Amino acid sequence: KIHIPLGIYTMVIGIFHTIFASINHGWGFNWGMVTMFFFLVGFIVFLLRKPIGRVWVPLHRFAEYAAVACMFIHCVPALKTIFTLIAPMFWHAVFG
């Protein structure tokens, strides 16, 4: 039940992030663009599921798994901040 709403949410947030990040940092080929490409491919495959038949499921899964993998690579710089600043502060606040 959550799969389609989560996909819509991901696409909307991803498109806004792509647009505003590109406005602030310029258009370029980076992991964020590759991530958005795979999310769009997965979305297009979903829209074309009836014309392309049963092959749409493996194509959709491949595109979305590739998108998630690229998104993790895209987020690695933020993970450094999370694990060096935010997580220790949270750990200290919870466990003193």
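Two aromatic rings, from Phe, Tyr or the six-membered ring of Trp, count as a pair if their centres lie within 6.5 Å. With that cut-off in hand, Phe 37, Phe 38 and Phe 62 come out as one aromatic cluster. The model behind this is a predicted one, and a search through the whole of it turns up five aromatic pairs. Phe 37 and Phe 38 make up one of these, sitting edge-to-face with 5.5 Å from centre to centre and 65° between the planes. The edge-to-face label applies because the planes are over 60 degrees apart. Phe 38 is also buried, at a relative accessible area of 18%; the label fits because buried means under 20%.

Another of the pairs brings together Trp 91 and Phe 95, this time tilted, with centres 4.5 Å apart and 50° between the planes. Why are Trp 91 and Phe 95 separated by about one helical turn? Both belong to helix α4, which covers residues 56-95, and they are four residues apart in it, so about one turn of helix lies between them. As for cover, Trp 91 is exposed, with a relative accessible area of 57%. Phe 95 counts as exposed too, at 58% relative accessibility. So this tilted pair has two exposed members, whereas Phe 38 of the edge-to-face pair is buried.

Rings also meet charge here. At Phe 46, the charged end of Arg 49 sits over the ring, and the distance to the ring centre is 4.2 Å.

Now for the fold as a whole. The protein chain has four helices and zero strands, so read from the N terminus on, its elements simply go α-α-α-α. How does the overall shape compare with a compact globule? For 96 residues, such a globule would have a radius of gyration near 12 Å, but the protein chain comes in at 17 Å. Along the principal axes, the C-alpha trace spans about 55 × 35 × 20 Å.

What share of the 96 residues counts as buried? The figure for the protein chain is 19%. Its accessible surface adds up to about 7800 Å², and carbon and sulfur atoms hold 78% of that. Contacts reach along the sequence as well: among those in the protein chain with a separation of 6 or more, 55% involve residues 24 or more positions apart.

Terms used: Residues are numbered from 1 along each chain as its sequence is written. This is a predicted model: local features need pLDDT of at least 70, side-chain atom pairs count only at pLDDT 80 or more; totals for chains, interfaces and linings use all residues. Side-chain values use heavy atoms; hydrogens and water are left out. Rings of Phe, Tyr and Trp (its six-membered ring) pair if their centres lie within 6.5 Å; planes under 30 degrees apart count as stacked, over 60 as edge-to-face and the rest as tilted. Buried means under 20% relative accessible area, exposed over 50%, partly exposed in between (1.4 Å probe, protein chains only). Helices (H or I, at least four residues) and strands (E, at least two) are DSSP runs, numbered from the N terminus. A charge sits over a ring if NZ of Lys or CZ of Arg is within 6 Å of the ring centre and within 35 degrees of the ring normal. The radius of gyration is taken over C-alpha atoms; the globule rule is 2.2 Å times the number of residues to the power 0.38. Contact means heavy atoms within 4.5 Å. Accessible areas come from the Shrake-Rupley method with a 1.4 Å probe; for residues, only the protein chains shown count as cover.
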